[in-house]
Amino acid sequence: MVSITLAELAEKLDAQLHGDGAVTITSLAGMNSAREGQITFLSSPKYRKHLAQCRASAVMLKEADVSYCQGNALVVADPYVAYAKVAQILDTTPACATDIAPTAVVAEDAILGEGVAIGPNAVVESGTLIGDGVQIGAGCFVGKGAKLGARTKLWANVTIYHDVVLGEDCLVQAGTVIGADGFGYANEKGKWIKIPQLGRVVIGDRVEIGACTTIDRGALDDTCIADGVIIDNQCQIAHNVSIGENTAVAGATVMAGSLKVGKHCIIGGASVFNGHMEITDNVTITGMAMVMRPITEPGMYSSGIPLQPNREWRKTAARVLKIDEMHKRLKELEKQLDNQA
């Protein structure tokens, strides 16, 4: 268990302390469930009404909310960001691996930095370069010529194919596959001819990739994921996709080959992207969007029909099927009006 005084937390967060700095904090909790020894946060004024009943040892909040809090408080600019930072300070997640397990298989010419840990039954092949402090979980596979930057962590059963490059301070969750072949085939008289995928996957620093996501290697050039990108679980990133710095991709998103996504984009879950097109910087795509054309202007974009009661949805679907007929009738009416003018 991690413990820290409220005064120490205030210093780390550059927060203004109200109350007893000697109070010990051991964990985080939601406002309604927090108890003594825990800290919580208030990020929206609409939850002020819960402060009176809150039993947490301290609350992180904005200056405007201090008067509503009768207990200990840390005043911060953004309580949600402060929550994230405190969660890191109090994090008790175990290491992906400790030391080098006796059952790990490491090639003789693999270069391991200081403090590398490799879990049971993991395989590190020839020509790999593993940076200082890297943790490779149980059952992982790191292929020939792959490079893992310092302090990168692979959870159990991650597969890193040959020549893949991961930067420093990356985190890859369990079951993810990076560097598998892209979907490349030529058709000769009805028979599919496989195109060997000769590119790599090159991933920058501080990239986090969720569980069971797949990122395909490039066909000729590389698939590239820039610094600070975060990708959720069960996403499919096809060959030669490029994702710009600090873009966030929510779960079950599918990106077709040679798509280029800009910097600081936010991609909602279960979105689908056509390939061979470009999405500019600072674009937000809401969930379950089908993006079939390039986006050249920053902003928020959506597609699809929001949830309706089934009876209303059936009517909507029936009308959608008649759009072409309705369009032709409208054009005919417009033509008749033009002739009468």
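The paragraphs below lead through a predicted model, beginning with two helices and the sheet beside them and moving on to a group of isoleucines and two loop residues.

A convenient place to start is the pair of helices. Two packed helices are described by the angle between their axes and the distance between the axes. Helix 1, which spans residues 6-13, packs against helix 2, residues 79-89, at an angle of about 120°, and their axes are 11 Å apart. That angle makes helix 1 oblique to helix 2, and the crossing of helix 1 past helix 2 is right-handed. On the side of helix 1 the contact is made by Leu9, Lys12 and Leu13, which meet Ala82, Lys85, Val86 and Ile89 of helix 2. Sorted by character, the residues of this contact comprise 5 nonpolar and 2 charged, with no polar residue among them.

Both helices also touch a sheet, and the sheet is best taken strand by strand. It is an open sheet of 5 strands in the order 2-7-6-5-4, with mixed pairing. Strand 2 (16-18) and strand 4 (27-28) stand at the edges, where each has a single partner strand, so one side of each is left without a neighbour in the sheet. The partner of strand 2 is strand 7, residues 73-75, and the two pair in the antiparallel sense over 3 bridges. Within this pairing, histidine 18 stands opposite alanine 73 in strand 7. Helix 1 packs on the sheet by touching strand 2, strand 5 (38-41), strand 6 (58-61) and strand 7, and its direction makes about 10° with that of strand 7. Helix 2, for its part, lies across strand 4, strand 5 and strand 6, and runs at about 130° to strand 6.

Further along the chain, the reader can follow a run of paired strands through their isoleucines. Strand 17 (residues 159-160) pairs with strand 20 (residues 177-180) in the parallel sense over 2 bridges, and isoleucine 160 has isoleucine 178 of strand 20 as its bridge partner. Strand 20 is in turn joined by 3 bridges to strand 25 (residues 214-216), and these two strands also run parallel. Here isoleucine 178 has isoleucine 215 of strand 25 as its bridge partner.

Isoleucine 178 and isoleucine 215 lead on to isoleucine 203, since both are among the residues that isoleucine 203 touches. Isoleucine 203 belongs to strand 23, residues 201-203. With a relative accessible area of 3%, under the 20% limit, isoleucine 203 counts as buried. Leaving aside residues up to four places away in sequence, its contacts are Val165, Leu166, Gly167, Cys170, Ile178, Ile209, Ile215 and Ile225. Threonine 223 is 20 residues from isoleucine 203 in sequence, and the C-alpha atoms of the two are 8.3 Å apart in space.

Two loop residues deserve a look at their backbone. Lysine 189 lies in the loop between strand 21 (185-188) and strand 22 (191-194), and its phi is near 55°, a positive value in a residue other than glycine. The relative accessible area of lysine 189 is 85%, and the residue is therefore exposed, the limit being over 50%. Alanine 270, in the loop between strand 33 (266-267) and strand 34 (272-273), likewise has a positive phi, near 60°, although it is not a glycine. Alanine 270 is partly exposed, with a relative accessible area of 30%.

Key
Residues numbered from 1 in each chain as written. Predicted model: local features only at pLDDT ≥ 70, side-chain atom pairs only at ≥ 80, totals over all residues. Heavy atoms only, no water. Axes fitted to C-alpha atoms, helices over the stretch in contact; angles between N-to-C directions. Helix = DSSP H or I, 4+ residues; strand = E, 2+ residues; numbered from the N terminus. Parallel < 35°, antiparallel > 145°, perpendicular 65-115°, else oblique. Left-handed = near helix turned anticlockwise from the far one by under 90°. Contact = heavy atoms within 4.5 Å. Nonpolar A, V, L, I, M, F, W, Y, C, P; charged D, E, K, R; others polar. Pairing = 2+ DSSP bridges. Buried < 20%, exposed > 50% of the residue type's maximum accessible area, 1.4 Å probe, protein only.
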